[in-house]
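Hi everyone, thanks for having me. Please pull up the structure on your screens, and we'll walk through it together.

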Amino acid sequence: MVLIVKGGYVIDPASGYEGVADILVEDGKITKIGQDMRMHGEPEDCAGESEMPEKMIIDAKGKIVAPGLVDVHVHFRDPGFTYKEDILSGARAAAKGGFTTVVLMANTKPPVDNEETLRYVLEKGMETGIHVKTCANITLGMQGKELTDMEKLSGNGAVGFTDDGIPLLDEELVKKACEAAARAGKPLSFHEENPAFIENNGINAGKASEYYQIGGSDRQAEIRMVKRDLALAEGTGAEISIQHISTKEAVELVREAKKKNPHIHAEATPHHFTLTEEAAIRYGTLAKMNPPLRQEADRQAIIEGLCDGTIDIIATDHAPHSKEEKEKAITEAPSGIIGLETALSLGIRELVEKGYMTMAELLSRMSWQPAGFYHLDAGYLSEGGPADMVIFDSKEQWKAEGFYSKSGNTPFAGELLPGTIYYTICGGQIVYAKDEKE
């Protein structure tokens, strides 16, 4: 397909370019970014969307044209838990949210600790229309006892390694994992929750746990493990990310570690920079997640970390669960919320509209920087680069409903949010259009 995206406000976080421009796409690549482009046979007064055989023109005037978003922390529950989500439904939700590349976590059943499961995930991902990448596990069976064969798994397509969902408690094993990942040239992502400080996970030990009269998760569960893993990674050469950071102390630990170790990264979720433990009281299990929502000072510290670059990745931790599961008691319901379809809007509302970040900075942390951590050819707009784009109106509101995900477990359901997505384009093909028929 030959495609021209005309007259949009183009933002490329990789080069810093911003301005009104046209983008010509041919054979899945951007071939030109410039002014007043026309296709052969296009009328001079062409306005709006125009279709010709194997050719298409999208009028993007008044809208932002950005690189397809990159989410490096999603759970598609496939294989093993496909009643919650599967790779096809998860990819549709991603496309609706403006994401053209996702990196799946490996806590499936069976886990992605072997070549067969890895092959299954990647082959199914190729059916989706977007770029579906996956991590493999750090340890066999996610048992935290024996390392997987990182060299072999990376050679077969794993883009990184994580036991997300389960913390690694063995310090010697963490050190060996860092060394093995460095040899393989792949990053590690750490889930930082020490069970020694957790009685009932998913709810902050504080106002929220007191409300439910349960033990909750103490902030030290995160702080202690972040401090330990930053120290263990030093000198190994491993690229590591502290996942879904939730405490002000952990943000500061990462900030200090980055001054002496350039291989340190951190991610924040939209729910952690938007909500506090008050939401867990208001919404119950729909706001239960690991790590839990904490206090306002923690939320502000996460925003500050995003602004100064301490936290360089925004990732959703998209975690679908069935309605029946989330309707269980607070101590029994699983943790996690869906996030792919609301992430860009929450970033606009909480970070851009409130003056913390520019749109370009937000888009960088949702595309170019996460792509860089996983060494992905994504997150930028340039001639010769991939034709992966999201086209959206940052001011126009939409109602958070009618989710493409199989699940609807989110406290943001029903809210009016800014940032209506009109098109998601991956490899030069339209994978989501606002007015498409179900």
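I'll go through a sheet, two helix pairs, one histidine and a hairpin. Please keep in mind that this is a predicted model.

Let's begin with the sheet. Three strands make up an open sheet in the order 7-8-9, and their pairing is parallel. Which strands stand at the edges? They are strand 7 (69-74) and strand 9 (131-134); each has a single partner strand, so one side of each is left without a neighbour in the sheet. On average, neighbouring strands here are turned by 20° against each other, direction ignored.

Now zoom in on strand 8, residues 99-104, which pairs with strand 9 in the parallel sense over four bridges. If you'd like a spot to click on, try Thr-101, whose bridge partner in strand 9 is His-131. Then look for helix 2, residues 115-125: this helix packs on the sheet and touches both strand 8 and strand 9. The direction of helix 2 makes about 170° with that of strand 9.

For those of you new to this, two packed helices are described by the angle between their axes and the distance between the axes. Let's try that on helix 4 (residues 171-184) and helix 6 (residues 220-233). Their axes come within 9 Å and cross at roughly 45°. That angle makes helix 4 oblique to helix 6, and the crossing is right-handed. Where they meet, helix 4 brings Glu-171, Val-174, Lys-175 and Cys-178, while helix 6 brings Arg-228, Asp-229, Leu-232 and Ala-233.

Here is another pair to look at. Helix 12, residues 343-352, packs against helix 13, residues 359-373, at an angle of about 140°, and the axes are 10 Å apart. Is helix 12 oblique or roughly antiparallel to helix 13? Roughly antiparallel would need an angle over 145 degrees, so helix 12 counts as oblique to helix 13. Helix 12 passes helix 13 in a right-handed crossing. The residues of helix 12 that meet helix 13 include Leu-344, Ile-348 and Leu-351, and among their counterparts in helix 13 are Leu-362 and Met-366.

Next, a single residue: His-272, which you'll find in helix 8, residues 270-274. Is His-272 buried or exposed? The relative accessible area of His-272 is 3%, and buried means under 20%, so this histidine is buried. The side chain of His-272 makes a polar contact with the side chain of Thr-269, at 2.8 Å. Leaving aside neighbours within four places in sequence, His-272 is in contact with several residues, including His-244, Met-289, Pro-291, Pro-292 and Arg-299.

Finally, let's visit strand 16, residues 416-426. How many of the 11 residues of strand 16 are buried? The count is 10, so this strand is largely enclosed by the rest of the structure. Strand 15, residues 389-399, pairs with strand 16 in the antiparallel sense over eight bridges, and there Ile-391 stands opposite Tyr-423. Strand 16 also runs antiparallel to strand 17, residues 429-433, joined by four bridges. In that pairing you can find Ile-425 opposite Ile-430. Strand 16 and strand 17 form a hairpin with two residues between them. In the turn sits Gly-427, with a positive phi of about 60°.

That's my tour, and thanks for listening!

Definitions and conventions. Residues are numbered from 1 along each chain as its sequence is written. This is a predicted model: local features need pLDDT of at least 70, side-chain atom pairs count only at pLDDT 80 or more; totals for chains, interfaces and linings use all residues. Side-chain values use heavy atoms; hydrogens and water are left out. Buried means under 20% relative accessible area, exposed over 50%, partly exposed in between (1.4 Å probe, protein chains only). Two strands pair if DSSP finds at least two bridges between them. A polar contact is a pair of N or O atoms within 3.5 Å; within protein, one must be able to donate a hydrogen and the other to accept it, and residues adjacent in sequence count only if both atoms are side-chain atoms. Contact means heavy atoms within 4.5 Å. Axes are lines fitted to C-alpha atoms, for helices over the stretch in contact, and angles run from 0 to 180 degrees between N-to-C directions. Angles under 35 degrees count as roughly parallel, over 145 as roughly antiparallel, 65 to 115 as roughly perpendicular and the rest as oblique. A crossing is left-handed if the near helix is turned anticlockwise from the far one by less than a right angle, and right-handed if clockwise.
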